Amino acid sequence: MKKVFTIEKEDFENAGIVSSQIKKTLKLLGLETVILRRVSIACYEAEINMIIHSNGGKITFELDEDEGRVILSFDDRGPGIENLEQAMQPGWSTASSQARKLGFGAGMGLVNMKRVADEFDIHSSKEGTHLRMVFQ
Amino acid sequence: MKLKDILMSVKASIAYLEDESILERQYQFAFASDLMSDALALVREHQEETLFITGLNHEQTIRTAEMLDFNVVIFVRGKIPSKETVALAKANGISLFYTEDTMFQACGKIYEIGVKHS
């Protein structure tokens, strides 16, 4: 199963809808609660990040039923993460005041995603940030 | 600790009750924060027995609860959840309560009656 969702820049109103849909789909398919929660947490953090920081992009959700793996890919259209090393440090944040009003910008997002995912790959340039996480 | 006793300790009112039986359910843990990222990063187990205490009255609070499998949210500082927030909670089976207490007061009272940090 593969689904692609489009995310618009600063679409705070719909923040979390994609993660909610993915969670509900996986729940219906009977994915184990602990994995389901890890996927949900990482997906939601990454979706929020894309809305807050990027110019918009796509979220791709793949379920490899034979291998029992969930793969989440986040590909945005820039402007990229200036200093990835700094962004990976707990507490580091460049979130806007609007994002902070929603309860985000604690600087825990990327750290948290890396913690809950079994595989975590991130590449960033001015053209875009590409994040891929695998759960199994 | 039964939810109804916890709610009584902070004189909480009901904003949305998914099911009466939840009031009799046991909750051993709580997590309190206005930062959703902190909840997403720091709550690692016992989610179904954990109360989420927050002053952030926003739909993203419900989204966070949904992702973490929390089924009870207590809003502090007398924040009555909006219609939109209640609708989202209803769609996800999450019960909502609110208390006039500040975060510090609510956490102190709930801790005192035996609920522990998640």
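This is a short talk about how chain A and chain B meet in a predicted model, and about what is packed inside it.

Okay, hi everyone. Some housekeeping before the fun part. Residues are numbered from 1 along each chain as its sequence is written, while chains get letters from A and ligands get numbers from 1, in the order they are written. Since this is a predicted model, local features need pLDDT of at least 70 and side-chain atom pairs count only at pLDDT 80 or more, though totals for chains, interfaces and linings use all residues, and side-chain values use heavy atoms, with hydrogens and water left out.

Let's start with the interface. How many residues of chain B are in contact with chain A? There are 20 of them, and they touch 24 residues of chain A; contact here means heavy atoms within 4.5 Å.

People often describe the size of an interface by the accessible area lost when the parts come together. Here the two chains bury about 1,900 Å² between them, and carbon and sulfur atoms give 52% of that. Buried area is the accessible area, taken with a 1.4 Å probe, that two parts lose on being put together, summed over both. On the chain B side, B:Leu40, B:Gln60 and B:Met67 supply 33% of what that chain buries against chain A, more than any other three residues.

There's a good deal of polar chemistry to look at too. Between chain B and chain A we count 17 residue pairs in polar contact, both at pLDDT 80 or more. A polar contact is a pair of N or O atoms within 3.5 Å; within protein, one must be able to donate a hydrogen and the other to accept it, and residues adjacent in sequence count only if both atoms are side-chain atoms. Which parts of chain B face chain A? Helix 2 (36–42) and helix 3 (59–68) of chain B each supply at least two residues to that side. Helix 3 of chain B gives the most, with six residues. Helices are DSSP runs of H or I with at least four residues, strands are E runs of at least two, and both are numbered from the N terminus.

Now, salt bridges. Side chains of opposite charge can pair when their charged atoms come close. Our rule asks for a side-chain nitrogen of Lys or Arg within 4 Å of a carboxyl oxygen of Asp or Glu. That gives 11 salt bridges over all chains, and four between chain B and chain A.

My favourite residue is A:Arg37, which lies in helix 2 of chain A. Is A:Arg37 buried or exposed? It counts as buried because its relative accessible area is 10%, and the cut-offs are under 20% for buried, over 50% for exposed and partly exposed in between, with a 1.4 Å probe and protein chains only. Across the interface, A:Arg37 makes a salt bridge with B:Glu48 at 3.0 Å, N to O. A:Arg37 makes another with B:Asp69, at 2.7 Å. B:Asp69 sits in the loop between helix 3 and strand 4 (72–75) of chain B, and B:Asp69 is buried at 17%. Add A:Lys23, and A:Arg37, B:Glu48 and B:Asp69 are linked with it in a network of salt bridges. A:Arg37 also has a side-chain polar contact of 2.8 Å with B:Gln47.

Another pair is A:Lys24 and B:Glu66, whose closest N and O atoms are 3.1 Å apart in a salt bridge. This one runs from helix 1 (residues 17–28) of chain A to helix 3 of chain B. A:Lys24 is partly exposed at 38% relative accessibility, whereas B:Glu66 is buried at 7%.

Last stop, the inside. In soluble globular proteins, nonpolar side chains tend to be buried together. The largest nonpolar core here has 60 residues, and among those with the most contacts inside it are A:Phe74, A:Met133 and B:Leu96. A nonpolar core is a set of buried Ala, Val, Leu, Ile, Met, Phe, Trp, Tyr and Cys residues joined through side-chain atoms within 4.5 Å. Helix 2 (residues 33–53) of chain A brings the largest share, 12 residues. A second, separate core has 18 residues, including B:Leu3 and B:Val10.

One more to find on your screen: B:Thr61, in helix 3 of chain B. B:Thr61 counts as buried, at 0% relative accessibility. Beyond its neighbours within four places in sequence, B:Thr61 is in contact with residues including B:Met36, B:Phe52 and B:Phe75.

That's my tour, thanks!
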